[in-house]
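User: I'm new to this one and would like some help finding my way around it. Could you show it to me before we talk?
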Amino acid sequence: QVQLVESGGGLVQPGGSLRLSCAASGSIFSRYAMAWYRQAPGNQRELVASISSGGSTNYADSVKGRFTISRGNAQNTVTLQMNGLKPEDTAVYYCKLSGTAYWGQGTQVTVSS
């Protein structure tokens with residue numbers, strides 16, 4: 001059984017920064033790609049960023065240059081550093097073990113003045 005627990009969400013002003021973390025239980029973490037998704041009210045869940053087991057990264061066009069995904073295999077963690085936040089980044093953010101049905105519970109990010 002794998003559990004994913006996100007933290008780090010909150011309320012931030014436009015232009016501000018937040019750092020989301022996802023802690024994974026279990027010993028399989030290092031073998032899988034990990035991803036961050038987000039879902040805004042009334043919208044479908046969308047991929048924000050992903051990172052392979054080897055550290056290769058991929059970003060949605062809307063966050064390129066502003067968000068950075070990283071992972072610490074020794075700590076079973078994946079992090080999303082979000083800079084230059086915009087109101088349209090407001091959503092619930094979820095981490096996912098790629099290729100599996102394992103999702104975190106989500107953390108709310110609100111960007112508002």
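Analyst: What follows is a short talk about the sheets in this structure, and please keep in mind that the model is predicted.

User: Okay, let's start with the sheet that contains β1: in what order do the strands come?
Analyst: That open sheet is formed by 4 strands in the order β1-β3-β8-β7, and their pairing is antiparallel.

User: And which strands are at the edges?
Analyst: The edge strands are β1, covering residues 4-7, and β7, covering residues 67-72, and each of them pairs on one side only. Neighbouring strands in this sheet are turned against each other by 15 degrees on average, if direction is ignored.

User: How many bridges are there between β1 and β3?
Analyst: There are 4 bridges between β1 and β3, the latter being residues 18-24, and the two strands pair in the antiparallel sense. As for individual residues, Glu 6 stands opposite Cys 22, which lies in β3.

User: Switching topic, what about the sheet with β4 in it, is its pairing mixed or antiparallel?
Analyst: Its pairing is mixed, and this open sheet is built from 6 strands in the order β2-β10-β9-β4-β5-β6. At its edges are β2 (10-12) and β6 (57-59), each pairing on one side only. Here the average turn between neighbouring strands, with direction ignored, is 25 degrees.

User: How do β4 and β5 run, and what joins them?
Analyst: Strand β4, residues 34-39, and strand β5, residues 46-51, run antiparallel and are joined by 5 bridges.

User: Which residue is the bridge partner of Arg 38?
Analyst: The bridge partner of Arg 38 is Glu 46, and this partner is found in β5.

Notes:
Residues numbered from 1 in each chain as written. Predicted model: local features only at pLDDT ≥ 70, side-chain atom pairs only at ≥ 80, totals over all residues. Heavy atoms only, no water. Pairing = 2+ DSSP bridges. Axes fitted to C-alpha atoms, helices over the stretch in contact; angles between N-to-C directions.
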